[in-house]
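Please report on the fold, one helix and the backbone outliers of this protein chain. Keep it brief.

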Amino acid sequence: GGCVYDPAIWGRRMAGGQPEKLADVFTEIISAANGKGDLSCLSPELLRRLAQVCDLQRISLFQVHEAPGMGISSTCRVDWTVPGLPSMVRGTHPPLTVAGGDEVLQDWAGRRRRGEIVLGLTRDLNGYVRAFFEHHGIVNFLTVPVMVHGRWWGHFWVDAADADRVWTPAEQMTFHSIAEVVAGTVSRSDAERTVSEASRQVMLDTAIDAVVIADEAGAIIEF
């Protein structure tokens with residue numbers, strides 16, 4: 001379904017000291033999600049404004065997937081950072097669950113499956129995970145699971161440069177709301193693809209003559 005949004009109510013719950021500016025950004029994210037219908041709604045400009053209002057140095061979105069023989073792995077689909085930080089889109093990410101794998105990542109995966117927020121400081125981590133986070137300049141992170149039809153699809157990630165920052169309940173609600181918008185967008189996009197594929201299959205199954213499918217440039221992609 002669509003997003004129900006009352007700026008007056010939501011604005012009073014906003015994180016930080018700029019509720020009106022944050023409410024404006026959130027409204028635009030919803031509008032973009034409804035208009036674009038895919039993850040391009042998280043445009044670099046909107047994420048830059050969100051980071052500015054919330055004092056963030058990184059905003060990312062990860063999608064999880066099964067990796068043969070590796071358990072659950074993740075792919076960074078969206079990654080906005082302040083200048084100078086390495087992108088996680090091009091990086092190789094450690095498997096989140098694998099026999100004998102990192103216990104911290106396995107714990108986080110279990111908590112995210114249950115819909116729980118995971119937060120922490122890189123300085124409190126050890127081993128490979130700490131080295132990975134330090135390489136990408138991650139300091140004080142908070143992640144919210146994106147739940148699609150009750151299942152863990154991925155997680156929305158924010159990071160602050162201030163290790164002493166404490167994420168308030170209002171801030172956590174802010175990012176949880178954005179994760180819900182992402183979940184709704186993914187759900188609608190998946191449903192549209194399913195309907196489109198079903199319609200295509202019905203057309204092929206019931207066609208008397210051959211059906212030729214071409215792309216926008218006129219090239220035949222299916223015959």
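Six helices and seven strands make up the secondary structure of the protein chain. The model is predicted. From the N terminus on, the order of elements is α-α-α-β-β-α-β-α-β-β-α-β-β. The protein chain has 223 residues, and 43% of them count as buried. Among contacts with a separation of 6 or more, 53% join residues 24 or more positions apart. The exposed area of the protein chain is about 12000 Å². Carbon and sulfur atoms supply 54% of that area.

Next, one helix. H2 covers residues 19-36, 18 residues in total. From first C-alpha to last, H2 reaches 25 Å. That is close to the 26 Å expected at 1.5 Å a residue. The buried residues of H2 are Leu22, Ala23, Val25, Phe26, Ile29, Ile30, Ala32 and Ala33. In an α-helix, residues three or four places apart point the same way, because there are 3.6 residues a turn. Just after H2, Gly37 takes a positive phi of about 75°.

Which residues other than glycine have a positive phi? Asp55 is one, with a phi of about 55°. His149 is another, with phi near 55°. Both sit in loops, as the table shows.

| Residue | Phi | Loop between | Relative accessibility |
|---|---|---|---|
| Asp55 | about 55° | helix H3 (44-54) and strand E1 (58-67) | 57% |
| His149 | near 55° | strand E4 (140-148) and strand E5 (151-160) | 67% |

Are these two residues buried or exposed? Asp55 counts as exposed because its relative accessibility, 57%, is over 50%. His149 counts as exposed too, because its 67% is over 50%.

Note on methods. Residues are numbered from 1 along each chain as its sequence is written. This is a predicted model: local features need pLDDT of at least 70, side-chain atom pairs count only at pLDDT 80 or more; totals for chains, interfaces and linings use all residues. Side-chain values use heavy atoms; hydrogens and water are left out. Helices (H or I, at least four residues) and strands (E, at least two) are DSSP runs, numbered from the N terminus. Buried means under 20% relative accessible area, exposed over 50%, partly exposed in between (1.4 Å probe, protein chains only). The expected span of a helix is 1.5 Å times one less than its number of residues. Contact means heavy atoms within 4.5 Å. Accessible areas come from the Shrake-Rupley method with a 1.4 Å probe; for residues, only the protein chains shown count as cover.
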